[in-house]
Amino acid sequence: MNISFHGAARSVTGSRHLLEMGGTRILLDCGMFQGRRDLARERNSHLGFEPKSVQTVLLSHAHIDHSGALPILTKEQFPGSVYMTSATADLTKILLEDSAKIQQGDCRYVNKKERRRGRDCVTPFYSMEDVHDIAARFQGVRYGSSLSAAKNVTIQFHDAGHILGSAAIWAKYRHRGQSTSILFSGDLGRANMPILRDPHLPPPCDVLIIESTYGDRLHDDDQTKRRAIAKDLVNHAIQHKSKIIVPAFSVGRTQDLIMRIKELVNNGEVSPIPIFIDSPLALKAMKIFRQHPECYDEETYQTFTAKGDIFAEKYINFISTSKESKLLNRRKGPCVIISASGMCEGGRVVHHLKNTIEDEANVVVLVGWQAEHTLGRKLAEEWETVPIFGVPTRRRARIVRLNGYSAHADRNDLLAYVRAIKPYPRKVFVVHGEERQSLSFAMALQTEFPGMEVEVPKSESTYQL
Ligand SMILES: [Zn+2]
């Protein structure tokens, strides 16, 4: 029995880990590598294994760095099924459709330039048809139920509390009267996140594959401070009739933010302020959130049974067409506009920034991590002039970074997760983190659990289990 790592090893994107159990090959996640265009092309064109030889895929959650390369499998004759929770199946489908659309647009843009230079054209990694082909193989699984995913292999999905439908995946392989169990954490969430339940306690396992996105740091958990900042922002907007622009990812972050603002209003900490959710993908995602009450925590479930809709409030407005989106430009403040993309690299939020950023009464609130070279990063670094649609634009709007809204476990949460596995696993692979985070977390594990074998695998490496 062995495992090989083909992404999210000493990096955070392209989560793909391949288990070989007897003659069976099971792939854990099939994520898209995201990053510099040429590198992404190379890493997504060569998955590192033969899709034809894989029998089954187990998917931890819908985020594209975990699911985005799935359609490449069907394109290359993958014969099997993909198991995941039902909520993940629904979310993954809309995210893959969106990814296919973005790739088409990107390729059109690149090819225009390439043709001018007399170079070969690029093609998308997959088409909408490939997305629908793989989606037809999705098998929804209930949290906690056991099923056979291949010969001699039993699997279970346990709530990871990261986004709707997210799971840690447990697999047990029986061979010649012996058994080995493996737990793959996927991305782990945190306690007390809106809508979601806290991550489930992990089941016992011999081998653990654990993420380490924040393996070397702790989140700022000062709720009082965060509430005070949010309160100030809303009051400022109401007083100055200004706009608050929040770039956010459509799945997860947007719904999380809505629930947090709702809570402040319900507690009487801020006055209701018009909120506009302006992202077609966010709207589709919210429909799916409404269809999966089995994923809700106690409080959200109560709201759901009482009101039938967990997002409905008079001051929350949903924008679907681009015409309505443009009309927002003419609307006077105060208001909050939550729009994608989270790093301001595309999507409707760029129009909203163009329209608001030169006015010093407005505020841009950044809630997520901003990758290098993105407009979001330039805003986070408070550049005075930023390029918007290629035009240098003077930034007068205030920038506020709100930390502590992460959907990822921090170092203490990760350690507590491992501590809860009794007896502790004999072997642990630390994945899904930048090298520094992963190495630091591995060191913490070795200090706390003497005798535990801890590895920080490199991409394309194989280990015997
Ligand atoms: Zn994730």
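The zinc ion is coordinated by four residues, namely H61 through NE2, H63 through ND1, H162 through NE2 and D187 through OD, at 2.2 to 2.3 Å. The structure is a predicted model, and the values in this report are computed from it.

**Zinc site**

The angles subtended by the four donor atoms around the zinc ion run from 91 to 167°, and the arrangement is therefore irregular. A tetrahedral assignment would require all angles to lie between 85 and 135 degrees, so the upper value of 167° excludes it. Along the chain, the donors of the zinc ion are spaced as H-x1-H-x98-H-x24-D. Within this set, H63 and H162 join distant parts of the chain, being 99 residues apart. H63 belongs to the loop between β4 (56-58) and α2 (64-67), whereas H162 belongs to the loop between β8 (153-159) and β9 (167-175).

Are these two histidines buried or exposed? H162 has a relative accessible area of 2% and is therefore buried. H63 has a relative accessible area of 22%, which means that H63 is partly exposed. The cut-off that applies here is 20%, under which a residue counts as buried.

**Enclosed cavities**

How many cavities of 30 Å³ or more does a search of the whole structure find? The search returns two. The largest cavity holds about 230 Å³ of space. Its lining comprises 15 residues, of which A230, L233, L257, I261 and L402 are the closest to the centre. Two or more lining residues come from each of α6 (223-240), β12 (243-247), α7 (253-266) and β15 (335-339). The largest share belongs to α7, which supplies four residues. In chemical class, the lining of the largest cavity has 14 nonpolar residues, no polar residues and one charged residue.

The second largest cavity encloses about 40 Å³ of space. It is lined by 13 residues, and those nearest its centre are F184, G186, E211, V431 and H432. Strand β11 (residues 207-211) makes the largest contribution to this lining, with three residues. The lining of the second largest cavity is made up of four nonpolar, six polar and three charged residues.

**Second largest pocket**

The second largest pocket has a volume of about 520 Å³. It is lined by 20 residues, and P194, M259, R260, E263 and E299 are the closest to its centre. The elements α6, α7 and α9 (298-307) each give two or more residues to this lining. With six residues, α7 gives the most. At least three lining residues come from each of domain 1 (2-217 + 407-464) and domain 2 (223-401). By class, six of the lining residues are nonpolar, five are polar and nine are charged.

The table sets out the class composition of the three linings.

| Space | Nonpolar | Polar | Charged |
|---|---|---|---|
| Largest cavity | 14 residues | no residues | one residue |
| Second largest cavity | four residues | six residues | three residues |
| Second largest pocket | six residues | five residues | nine residues |

Helix α7 thus provides the largest share of the lining of the largest cavity and also gives the most to the lining of the second largest pocket.

**Strand β12 and P247**

P247 is located in strand β12, an element that gives two or more residues to the lining of the largest cavity. The relative accessibility of P247 is 2%, and P247 therefore counts as buried. The C-alpha atom of P247 lies 17 Å from that of A237, a residue ten positions away along the chain.

Notes
Residues are numbered from 1 along each chain as its sequence is written. This is a predicted model: local features need pLDDT of at least 70, side-chain atom pairs count only at pLDDT 80 or more; totals for chains, interfaces and linings use all residues. Side-chain values use heavy atoms; hydrogens and water are left out. On a 1 Å grid over the protein atoms alone, a cavity is a set of points where a 1.4 Å probe fits but cannot get out, and a pocket is an open set with protein on both sides within 12 Å along at least five of seven lines; lining residues have an atom within 4 Å of a point. Grid points are joined across faces, edges and corners, and a volume is the space filled by probe spheres set on the points. Ala, Val, Leu, Ile, Met, Phe, Trp, Tyr, Cys and Pro count as nonpolar, Asp, Glu, Lys and Arg as charged, and the others, Gly among them, as polar. Domain bounds come from an automatic or database domain assignment. Donors are N, O and S atoms within 2.8 Å of the metal (3.2 Å for Na, K and Ca); water is not among the atoms, so sites may look incomplete. Four donors count as tetrahedral if all angles lie between 85 and 135 degrees; four count as square planar and six as octahedral if opposite donors are over 155 degrees apart and all others between 65 and 115; anything else is irregular. Buried means under 20% relative accessible area, exposed over 50%, partly exposed in between (1.4 Å probe, protein chains only).
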